[in-house]
Amino acid sequence: MSYPIKYLSLQKAELIYEVELRGGTGDSVQELRKQIIKLAQTLPADDILESHLDPADDLKEVKESLLKSQNNLISLKKERFLICFKCGKKGVRYPECPDCNPKIHETPKN
Ligand SMILES: [Zn+2]
């Protein structure tokens, strides 16, 4: 299953890659975004089978991107249950901490 690339959500390095892959160039993120919107219409991702980079460089960039994604996922998981939205208590596992809503955290009695 494949998902369309959300070009406007890409980080600068990823934008540069996608633009250069299609023969464009650009310096600012804004400029790169304008270009990728145009270029992706004539050259959709499914039509691109080869990278302009040397395979070793390409692999290095892919590894860096995956590492960044992994780190983002790890920090998302950590942040997810951190703060009670009512009192701001840190380290809670639910949107409301046991102090603010004791009911939802009661464990069923055996
Ligand atoms: Zn609370």
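How many other C-beta atoms lie within 10 Å of Lys86, and is this residue buried or partly exposed? Lys86 has 13 other C-beta atoms within 10 Å, and because a residue needs 20 or more of them to count as buried and 12 or fewer to count as exposed, Lys86 is partly exposed.

Before I go further, I should say that what you see above is a predicted model, and that the protein averages a pLDDT of 85, with 89% of the residues scoring at least 70. Within the protein, confidence is highest in helix 2, residues 29–42, at a mean of 95, and lowest in helix 3, residues 55–80, at a mean of 85.

Let me stay with Lys86 for a moment, since we have just met it. Lys86 sits in the segment after helix 3, and once we leave aside its neighbours within four places in sequence, Lys86 is in contact with Glu96 and Cys100. If you look for Asn101, you will find that Lys86 and Asn101 are 15 residues apart in sequence, while their C-alpha atoms are 9.5 Å apart in space.

Now to the overall picture. The protein has three helices and zero strands, so to speak of its order from the N terminus on is to say α-α-α. Of its 110 residues, 9% count as buried, and among contacts between residues at least 6 apart in sequence, 19% join residues at least 24 apart.

Turning to helix 1, which covers residues 12–21, we find that its buried residues are Leu15, Tyr17, Glu18 and Val19. After helix 1 comes Gly23, whose phi is positive, near 85 degrees.

Helix 2 has 14 residues, and from its first C-alpha to its last it reaches 20 Å, close to the 20 Å expected at 1.5 Å a residue. The buried residues of helix 2 are Leu32, Gln35 and Ile36, and these buried residues pack against helix 1.

How, then, do these two helices meet? Helix 1 and helix 2 pack at an angle of about 40 degrees, with their axes 9 Å apart, and that angle is why helix 1 is described as oblique to helix 2. The crossing in which helix 1 passes helix 2 is left-handed. On the side of helix 1, the contact is made by Lys12, Leu15, Ile16, Glu18 and Val19, and on the side of helix 2 by Val29, Leu32, Arg33, Gln35, Ile36 and Leu39.

Key
Residues are numbered from 1 along each chain as its sequence is written. This is a predicted model: local features need pLDDT of at least 70, side-chain atom pairs count only at pLDDT 80 or more; totals for chains, interfaces and linings use all residues. pLDDT is the predictor's confidence in each residue, from 0 to 100. Helices (H or I, at least four residues) and strands (E, at least two) are DSSP runs, numbered from the N terminus. Two residues are in contact if their C-beta atoms, placed from the backbone, lie within 7 Å. The expected span of a helix is 1.5 Å times one less than its number of residues. Axes are lines fitted to C-alpha atoms, for helices over the stretch in contact, and angles run from 0 to 180 degrees between N-to-C directions. Angles under 35 degrees count as roughly parallel, over 145 as roughly antiparallel, 65 to 115 as roughly perpendicular and the rest as oblique. A crossing is left-handed if the near helix is turned anticlockwise from the far one by less than a right angle, and right-handed if clockwise.
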